[in-house]
Amino acid sequence: LKLVIGIVRPEKANDVLEALYRAEVRGVSMSRVQGHGGELDRVETYRGTTVQMGLSEKVRFEVAVSDEFVQPTVDALCDGARTGEVGDGKIFVVPLEQAVRIRTGESAEAAVTPVAKR
Amino acid sequence: MSPAIDTGDTAWMLAATALVLMMTFALGLFYAGLVRSKNTLNTFMMCIAAVAIAAVTWALLGYSLAFDGEGALIGGLGHVGLSGVGFEPRGEGTIPHLLFMAFQGTFCIITVALIAGAVVERMRFGAFMVFAALWSVLVYAVLAHWAFGGGWLAAQGTLDFAGGVPVEMGSGFSALAAALVVGARKDYGRQALLPHNAVYVLVGAGLLWFGWFGFNGGSGLGANDASVLAFVNTLLTPACALITWFALDLIRGRKVTAIGAATAIIVGCVLITPAGGFISPGWAMVLGFVGALPCYFGIQYRPRTRVDETLDVLAAHGIAGFTGILFIGLVAQFSWNGIADGLFYGDAGQFWSQALAAVVTPAYAFIATFILLKLVGAVMPLRASEHDEALGMDVVYHGEEAYVTGEGAILVMPEDDGKALVADPG
């Protein structure tokens, strides 16, 4: 059981969703986050006040998957989010202690397997 | 000696001119709400650029080409740089020539801004400004001369009260050409590209309607019967267009949409623009009810095509202006306008005069704009790069964002006296 976290460009979020769908990964959360990676800062000016925007908008995907789904999920995130420019984002895979489906109380693998699969 | 200045007329025309200028900013708000949030400022800025550029080109050259002399195709150069435009009235007018020039200038400005709706979210800001300057002279001034300045359309009897020819059909069919030359947005047809703020759209539409009372109500060029008729019709036609829109929305989707309502207001105002001072209030209501139909279906149909005419300038202005121009030919009434009757009142010739304008104007606007943009495109790129388009026009061309949180923003001090501004760490 793993949690795959992908932090990607907002404009690539739709492509990522499409890639995940094609990889038959069904359970996804996403949120808007702000972050800083290796990219150059944007400089913006507001009425004479010049600022360096240290944080840029990103979208964070969180996908809890069973072990055999880790690689397809990571591949889908890479395919969907890559532009080749600095700032494409990161993927983190972390071990997951426990997962529970609230509706049924199912836990572990059963909790992250889509209902239609069984 | 021409008729004397009438102070009442002058007072109203001063106010009307200011109302029409406000419409361009209202349009900016309307358009800004319809695009994605990353392009809010750029969209608004295209309208503001239209004010800056068209006001200058109009004063320097456009006004002269539109309103100097009775040439069939184009005016003269007698008023270049506003020479000979002073406090004396123009021709039979009762307001200062200078004020007439400014009033007509605000029409040129909003027409240039309207075309921006076809190319938002991907056209380079610099290229748009170059295009705006050339278009305001080569297309707008020519059409304005034909319809208002004594050119061949007006001479052969076409009635156009407040700009169905130069403003509405001129912008609508130019917008189609611009959308074709510049090309669709990268994500068009692949992703849902939704309006980011419906309230901006509604407020913008409301302010446009308000300003339109100056646009139509001022086109009688004084506080006179024609202006009053156009003013009242500007109340009635959009209201009727709204009701038609509500009904169509209800039938098709079972819900009355807010952005649909905002669109209906614009369509109604455009419908009555050419006809304002020529048709009875009763027929103005009919125009609103019936004229909204082709525009509604135009807007439903366009997104199914490959043509990314993004904010539907063609349907809302081109088709509505076309409908309004033709409608005059049917229901103009001498008893209301003192000028001419339409087909229903015994003069079929008037309808053919209107039909001629409705064919020639779109053709000129489309072809001239198509060639003009191709020429501009040969000198400089018209489009932003894919990378910039993904990032958003606001950051790329203006270095600002519409909805900035300030989180993660590091203040950059001016190089020279930066040290003086940093608090002493003690």
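**Exercise 1. Which residues line the largest cavity?** Work in the predicted model, then describe the elements and residue classes involved.

*Solution.*
Step 1. Establish how many cavities there are to consider: the structure holds 1 cavity of 30 Å³ or more. The space in the largest cavity comes to about 40 Å³.
Step 2. List the lining. M23(B), L27(B), I110(B), L114(B), E168(B), L208(B), W212(B), F215(B), I266(B) and H317(B) line the largest cavity.
Step 3. Assign elements. Two or more lining residues come from each of α1 (7-34), α3 (97-119) and α7 (198-217) of chain B. The most is given by α7(B), with 3 residues.
Step 4. Sort by class. The lining of the largest cavity has 8 nonpolar residues, 1 polar and 1 charged.

**Exercise 2. Determine how α1(B) and α7(B), two of the helices that line the cavity, are oriented to each other.**

*Solution.*
Step 1. Take the geometry: the two axes, of α1(B) and α7(B), come within 7 Å and cross at roughly 155 degrees.
Step 2. Apply the cut-off. Angles over 145 degrees count as roughly antiparallel, so α1(B) is roughly antiparallel to α7(B).
Step 3. Add the hand: α1(B) passes α7(B) in a left-handed crossing.
Step 4. Classify the contact. Between α1(B) and α7(B), it comprises 22 nonpolar and 5 polar residues, with no charged ones.

**Exercise 3. Describe the packing of α10(B) against α9(B), then against α8(B).**

*Solution.*
Step 1. Start with helix α9 (residues 258-275) of chain B and helix α10 (residues 281-301) of chain B. They pack at an angle of about 125 degrees, and their axes are 9 Å apart. The pair α9(B) and α10(B) is therefore oblique, and the crossing of these two helices is right-handed.
Step 2. Find the residues in contact. From α9(B) they are T263(B), V267(B), L271(B), I272(B) and A275(B). From α10(B) they are A284(B), L287(B), G288(B), G291(B), A292(B), C295(B) and I299(B). By class, the contact of α9(B) with α10(B) has 9 nonpolar residues, 3 polar and no charged.
Step 3. Turn to helix α8 (residues 225-253) of chain B. Its axis and that of α10(B) lie 7 Å apart, at an angle of about 45 degrees. The helices α8(B) and α10(B) are therefore oblique to each other, and their crossing is right-handed.
Step 4. Classify this contact: α8(B) with α10(B) involves 18 nonpolar, 5 polar and 2 charged residues.

**Exercise 4. Characterise the largest pocket by its space, lining and residue classes.**

*Solution.*
Step 1. Give the volume: the largest pocket holds about 1300 Å³ of space.
Step 2. Locate the centre. The lining has 48 residues, and those closest to the centre of the pocket are P10(A), E11(A), E57(A), K38(B) and L391(B).
Step 3. Assign elements. In chain A, α1 (13-22), β2 (29-35) and β5 (56-65) give two or more residues to the lining of the largest pocket. In chain B, α14 (386-391) and α15 (393-398) do so.
Step 4. Sort by class. The lining of the largest pocket divides into 18 nonpolar, 14 polar and 16 charged residues.

Terms used. Residues numbered from 1 in each chain as written. Chains lettered and ligands numbered in written order. Predicted model: local features only at pLDDT ≥ 70, side-chain atom pairs only at ≥ 80, totals over all residues. Heavy atoms only, no water. Axes fitted to C-alpha atoms, helices over the stretch in contact; angles between N-to-C directions. Helix = DSSP H or I, 4+ residues; strand = E, 2+ residues; numbered from the N terminus. Parallel < 35°, antiparallel > 145°, perpendicular 65-115°, else oblique. Left-handed = near helix turned anticlockwise from the far one by under 90°. Contact = heavy atoms within 4.5 Å. Nonpolar A, V, L, I, M, F, W, Y, C, P; charged D, E, K, R; others polar. 1 Å grid on protein atoms, 1.4 Å probe; cavity = no way out; pocket = protein on both sides within 12 Å on 5 of 7 lines; lining within 4 Å. Points joined across faces, edges and corners; volume = space filled by probe spheres on them.
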